[in-house]
2 protein chains.
Amino acid sequence: MINVLKQPTNWTWVEQAIAHLNVILLDHSHCERKAAGVALNLMFRYPSNTQLVRQLTAIAREELEHFEQVNQWLERRSIPLAPLSSPPYGAGLKALIRPSEPNRLLDSLLVSGLIEARSHERLGLLAEYCPEPELAEFYRSLMASEARHYGVYWVLADTYSDRDVAKERLEELAIRESELLSTLYPEPRIHS
Amino acid sequence: MINVLKQPTNWTWVEQAIAHLNVILLDHSHCERKAAGVALNLMFRYPSNTQLVRQLTAIAREELEHFEQVNQWLERRSIPLAPLSSPPYGAGLKALIRPSEPNRLLDSLLVSGLIEARSHERLGLLAEYCPEPELAEFYRSLMASEARHYGVYWVLADTYSDRDVAKERLEELAIRESELLSTLYPEPRIHS
């Protein structure tokens, strides 16, 4: 577990996910598309921040590649692309982003970093406990990117903000992030 | 010129563009990012349309790759990333997208296709008349993608709509597209 996370994922999440691998795969597809969308939106909002634009272009490209890969898994399992209700996690984190600059940029980067860190942890659990070896291997193959993305978001937060301010805010947000996951969402999702 | 375009680009545009290659490069960077954004937005709006999602994922990835390449050109010429006012072209075309389905999907695909066709034509003019051979070569290298993207958008329009309806609407939109470019925008832009 990336040490920024305050609470590890509960075992009940693993049981729920393993029992509904197809839904988890479909939700995972949505997560990758959303992650690409978030990176692109930040590039649109801060078009002159060269470092941010460069790093997030790379992240967006990689998320789209993963999106394609997950969709190939869906196709192989004959799972049609379909909308899926979102757990409160993403909206709960988004609500913590303060609306005025420079807080908005800092919070946006930290929230994205936390989501990547949590995704890294959960894909790791899927890699470990998924009963299908090939699918488990796929989850394992994605983990390194999630960890790297967490690192990129943290470095950008550190670039565009005072380090102590960023650290303190990350601490606050990490607490809320774990709280948001303390009650298991009844539907199987990557972030339930 | 892809034969969907009703009017070829006026020579005054070529003169304006060649005289302001740095601004054209910066605007081009914005165009590539916007093109990726448009593809991703369509994927968000129609997440269950498998063909659309698959094709537009590939397009979005490629636009982001071009965005990176254009940004490398900017860096090499020490042009900082900066916002740039948009010519009326994009907003003018967007205003033609009818708000209710299935028209909205059809119009969105056709408008994107027309923009790709026009970009193909204009990058071709830059490739031909740009006085810097290496930059001209770069423009030439992008042309094939633009033509292919036009083809993808047309095939999707044909997939999700009746062919005669799509053809007739493309004809209408193509006339408006040329009208939007009939007066040269005073600032040098890819779509001025």
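Mentor: A contact means heavy atoms within 4.5 Å of each other. This is a predicted model: local features need pLDDT of at least 70, side-chain atom pairs count only at pLDDT 80 or more, and totals for chains, interfaces and linings use all residues. Residues are numbered from 1 along each chain as its sequence is written, chains are lettered from A and ligands numbered from 1 in the order written, and side-chain values use heavy atoms, leaving out hydrogens and water.

Trainee: Among contacts in chain A between residues at least 6 apart in sequence, what percentage join residues at least 24 apart?

Mentor: Take the chain A contacts whose partners are at least 6 apart in sequence. Then keep those that join residues at least 24 apart. The share is 82%.

Trainee: Which pattern does chain A follow along the sequence?

Mentor: Helices (H or I, at least four residues) and strands (E, at least two) are DSSP runs, numbered from the N terminus. Chain A has 7 helices and 0 strands. The pattern therefore reads α-α-α-α-α-α-α.

Trainee: What is the radius of gyration of chain A?

Mentor: The radius is taken over C-alpha atoms, and the globule rule is 2.2 Å times the number of residues to the power 0.38. For 192 residues the rule gives 16 Å. Chain A comes close to that, so it is as compact as a globular protein of that length. Its value is 16 Å.

Trainee: How many degrees of turn lay chain A on chain B?

Mentor: Copies are superposed by least squares on the C-alpha atoms of residues with pLDDT of at least 70 in both. The RMSD is 0.0 Å, and the shift along the axis is 0.0 Å. The copies are thus related as by a two-fold rotation axis. The turn is 180°.

Trainee: In chain A, which residue has the C-alpha nearest the axis?

Mentor: The C-alpha in question lies 2.8 Å from the axis. It belongs to A:R61.

Trainee: Where does the cis peptide bond from A:E101 lead?

Mentor: Omega of this bond is near 5°. The residue it leads to lies in the loop between α4 (88-94) and α5 (103-129) of chain A. That residue is A:P102.

Trainee: Is A:S78 buried or exposed?

Mentor: A:S78 is not a glycine, yet has a positive phi of about 55°. It sits in the loop between α3 (50-76) and α4 of chain A. Buried means under 20% relative accessible area, exposed over 50%, partly exposed in between (1.4 Å probe, protein chains only). At 61% relative accessibility, A:S78 therefore counts as exposed.
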